[in-house]
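Student: I should like to go through the reasoning behind some descriptions of this structure. Could we begin with the packing of helices and then turn to strands?

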Amino acid sequence: RPVRRIRRDLLFSPVARPASKLAARIAFRRKLKPRLRLLARASPMRSGMVRAARQAAAMTPSTAHERLRTPRTPTKRTRPGPSNAEEVARGRTRTKPNPRSERQRSVEIPPPTQETQKDGQKQFGQDFIEIPVPSPFSLAQTVCSYGYFSLAPNRWYPADTDQHEDHGIFERPLWFGESSEEVVHVRVMQRLPPSGRKSSASDGDKLTVSLSRVVSNPSHRQQITDAIERILRVRQPMDTWWQLHKEAKGRGFGRTYRSPTLWEDMVKTITNCNIKFSGTIRMNNLLCEKYGKDGAFPRPCDLANLDVDELRVNCKVGYRSERIIKLANNFETGEVDSTWFEDESTDIETLRKKIMSLNGFGPYATSNVLQLLGRYDANVEAFDTETVRLMKSLGVKGGMKECCEAARKRYKRYGGYLFLAYWFELWKFYEQSTGSISTRWNKQKFDDTF
């Protein structure tokens, strides 16, 4: 009864009618602050009542009275059911999760996606593709290995904390068709043996890909398969790297995430230069929202004819607008031929000079594109301000020049895999900073951290 009286007094606190809404709000909050402090010290139900009082303090008097006139509908608590990742795999999610159990989970609850297809929701399970992978292979370690996995239109749903990390699920839209004019949303899952494992290097031999629509044309199905294999670097050999780095082998780390196309990788590289990563996230979100069909990443033809100012304003890309449009035209005219760039037989120095000749690609951007292409024979050194952070955490003193030189000496013994060794240590540094392994990061965790 005393608690109810305090709450009633808070909401019905009498306030004189000042001349403006702003003055009314200020007067109302001033009236509540002393009571809020008293309540925080004295109430046995402190946490719940303080939260209610703070909500009341954020309201104007008229809003508070209106809320009291609106009857509250009681909500049912549901018992915790199967794991969220398992329900996503079946296309179902809980619409009313148990708040207590959800606080113990690291995975965010995605919207219902299979059994009830409503506005803007995708119905998975219309078709399936199976992709063989080498053994050992870890879906979680492959996806959650490079920052681009968190950029639109990618989505990673980590497994529950009591499950193996490879129960996580990766989703995104992909282009397919004769002219890449159609979009399909894919959900990638790893088939795991029934027995639990402590190692993250999984011995599952196939990935199961659930599609949001039926794709019957064999060439179109192969397009989707090729795109997923590129994302996960399925065909990239790991033997030499894992012989050099036993810790990375034990973790299953080495196939760092990349995009399904060279075009998308290069645009993401442009948006990643000279800006905090939160800005990179914002720009890629807007590119997909404004110019991508059905949430997909826009194609070169979608951006090639845009006005520079239009792209700058709509996607908040700043001076990068001109560079992105020029790159789109280079892809459209064939000046940038993806097949030639992806060919492993292409001379590495010729490839480096070609990338450097493109507008917006300096030493860092060029090195980043080379590692995304898997050209570790190029002695890739994609060093930037993050290198300085890492080296200083290891005790190196000085600026960019001194830290980059220290990094070269530290990872020189890995030869052509210098970048992978550097990135593995930097990625562990990020995980230590956040207090959790990257395979357990959901979107909110990543956005809050970077």
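Tutor: Angles under 35 degrees count as roughly parallel, over 145 as roughly antiparallel, 65 to 115 as roughly perpendicular, and the rest as oblique. Please note that the model is a predicted one.

Student: Why are H17 and H18 called oblique to each other?

Tutor: Helix H17 (residues 348–356) and helix H18 (residues 363–372) pack at about 130 degrees, with axes 9 Å apart. That angle is in none of the named ranges for parallel, antiparallel or perpendicular, and H17 and H18 are therefore oblique. The crossing of H17 past H18 is right-handed.

Student: Which residues of H17 and H18 make the contact?

Tutor: From H17 come Ile348, Leu351, Arg352, Ile355 and Met356, and from H18 come Pro363, Thr366, Val369 and Leu370. By class, seven residues of this contact are nonpolar, one is polar and one is charged.

Student: What makes strand E5 largely enclosed by the rest of the structure?

Tutor: A residue counts as buried under 20% relative accessible area. Five of the six residues of E5 (residues 206–211) are buried, so the strand is largely enclosed.

Student: How do you know that E1 and E4 each pair with E5?

Tutor: Pairing requires at least two bridges between two strands. Strand E1 (residues 127–132) is joined to E5 by six bridges, and the two run antiparallel; here proline 132 has lysine 206 of E5 as its bridge partner. Strand E4 (residues 182–190) is joined to E5 by five bridges, also antiparallel, and arginine 187 has serine 210 of E5 as its bridge partner. Both counts therefore satisfy the requirement.

Terms used. Residues numbered from 1 in each chain as written. Predicted model: local features only at pLDDT ≥ 70, side-chain atom pairs only at ≥ 80, totals over all residues. Heavy atoms only, no water. Axes fitted to C-alpha atoms, helices over the stretch in contact; angles between N-to-C directions. Helix = DSSP H or I, 4+ residues; strand = E, 2+ residues; numbered from the N terminus. Left-handed = near helix turned anticlockwise from the far one by under 90°. Contact = heavy atoms within 4.5 Å. Nonpolar A, V, L, I, M, F, W, Y, C, P; charged D, E, K, R; others polar. Buried < 20%, exposed > 50% of the residue type's maximum accessible area, 1.4 Å probe, protein only.
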